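Good morning, and thank you for joining. I should like to take you through one structure, beginning with a local detail and moving outward from there.

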Amino acid sequence: MISLYRPGGSLLHRMSAGPKILGLAGVAVLLSVWPHTGVTAAGALVAVIGLFALGGFGPRVWAAQLWSLRWIILFVAAMQLIFAGPAEAFVTTVRIVAVVMLAGLLTLTTRSSDLIDALERGLRPLRIAGIDPWRAAFVVSLTIALVPVIADFARRIREAQRARGVRLGFRAVVPLLVMSLRHADDVADALSARGIA
């Protein structure tokens, strides 16, 4: 399991994983279905940044998270500008960034083992359908943890472009896809070696 957890004694660190997961899910749903304006979407992002402060993380941490999302931000913003216009592009992009940053905060303040245990307890009803709750919980927690990893791949690609003096723009998606698939293979091999997959 990839762990991005940073030890700390903040309120968010002391909270159990279950309420934090429910909070993330609730905020994600709220940001998705609530009819936001530019002001309310920006307010949601500011609130997320406030939660980083509550978790004991200064501007350096949340700014790094924001910076690691820059390619996602540019891609989403560009697509929304083309198909929905400037106002909707701003609202949609800010909403997505807020949810992804909140997921990052969850992984920073929650141990992987606690995350999996909480998800497993919540997914126990899936046994009726023949689904192993532990495996389902592991997949969900691994997915959450991989969001910042993929963002870091994008950062490394950009740094490599700068070192070569290359400006690939959106063509950087190709090496990002290759790195992501290679990493997925490595994770699958590691899981198979441990008898998990």
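Let me begin just after helix α5, where Gly85 takes a positive phi of about 100°. I should say at once that this is a predicted model.

The helix that precedes this glycine, α5, covers residues 70-83. With 14 residues, helix α5 reaches 20 Å from its first C-alpha to its last, close to the 20 Å expected at 1.5 Å a residue. Within α5, the residues Arg70, Val76 and Ala78 are buried.

Let us now turn to the overall architecture. The protein has nine helices and zero strands, and from the N terminus on its elements run α-α-α-α-α-α-α-α-α. Of the 197 residues in the protein, 37% are buried. The accessible surface comes to about 11,300 Å², and 68% of that surface belongs to carbon and sulfur atoms. Among the contacts with a separation of 6 or more, 73% are between residues 24 or more positions apart.

Next, the interior. In soluble globular proteins, nonpolar side chains tend to be buried together. Here, the largest nonpolar core has 31 residues. Which of these residues touch the most other members? They are Ile21, Leu45, Val48, Phe52, Phe57, Met101 and Leu105. At least two residues of this core are supplied by each of α2 (17-33), α3 (38-54), α6 (86-109), α7 (112-122) and α8 (133-164). The largest share, 10 residues, comes from α6.

Leu45 deserves a moment of its own. Leaving aside residues up to four places away in sequence, Leu45 touches Val94, Val97, Ala98 and Met101. Met101 is itself listed with Leu45 among the core residues that touch the most other members.

I now move to the N-terminal region and Leu12, in helix α1, which spans residues 11-14. Is Leu12 buried or exposed? Its relative accessible area is 9%, under the 20% cut-off, and Leu12 therefore counts as buried. Beyond residues up to four places away in sequence, Leu12 touches Lys20, Leu51, Leu54, Gly55, Leu105 and Thr109. Leu12 and Gly56 are 44 residues apart in sequence, and their C-alpha atoms are 8.6 Å apart in space.

One of the contacts of Leu12 is Leu51, which lies in helix α3. Leu51 has a relative accessibility of 31% and so counts as partly exposed. Together with Leu11, Met15 and Leu54, Leu51 makes a nonpolar surface patch of about 300 Å². Leu54, another member of that patch, is also touched by Leu12.

Two further pairings link positions separated in sequence. The first concerns Pro35, in the loop between α2 and α3. At 67% relative accessibility, Pro35 counts as exposed. Pro35 and Val91 are 56 residues apart in sequence, with 9.7 Å from C-alpha to C-alpha.

The second concerns Asp114, in helix α7. With a relative accessibility of 34%, Asp114 counts as partly exposed. Asp114 and Ala17 are 97 residues apart in sequence, with 6.0 Å between their C-alpha atoms.

To close, I would return to two points. This predicted model has nine helices and zero strands. Its largest nonpolar core draws at least two residues from each of α2, α3, α6, α7 and α8, with the largest share coming from α6. Thank you.

Key. Residues are numbered from 1 along each chain as its sequence is written. This is a predicted model: local features need pLDDT of at least 70, side-chain atom pairs count only at pLDDT 80 or more; totals for chains, interfaces and linings use all residues. Side-chain values use heavy atoms; hydrogens and water are left out. Helices (H or I, at least four residues) and strands (E, at least two) are DSSP runs, numbered from the N terminus. Buried means under 20% relative accessible area, exposed over 50%, partly exposed in between (1.4 Å probe, protein chains only). Contact means heavy atoms within 4.5 Å. A nonpolar core is a set of buried Ala, Val, Leu, Ile, Met, Phe, Trp, Tyr and Cys residues joined through side-chain atoms within 4.5 Å. Patches are made of residues with over 30% relative accessible area and no salt bridge: like charges are joined within 9 Å, nonpolar side chains (Val, Leu, Ile, Met, Phe, Trp, Tyr) within 5 Å. Accessible areas come from the Shrake-Rupley method with a 1.4 Å probe; for residues, only the protein chains shown count as cover. A salt bridge is a side-chain nitrogen of Lys or Arg within 4 Å of a carboxyl oxygen of Asp or Glu. The expected span of a helix is 1.5 Å times one less than its number of residues.
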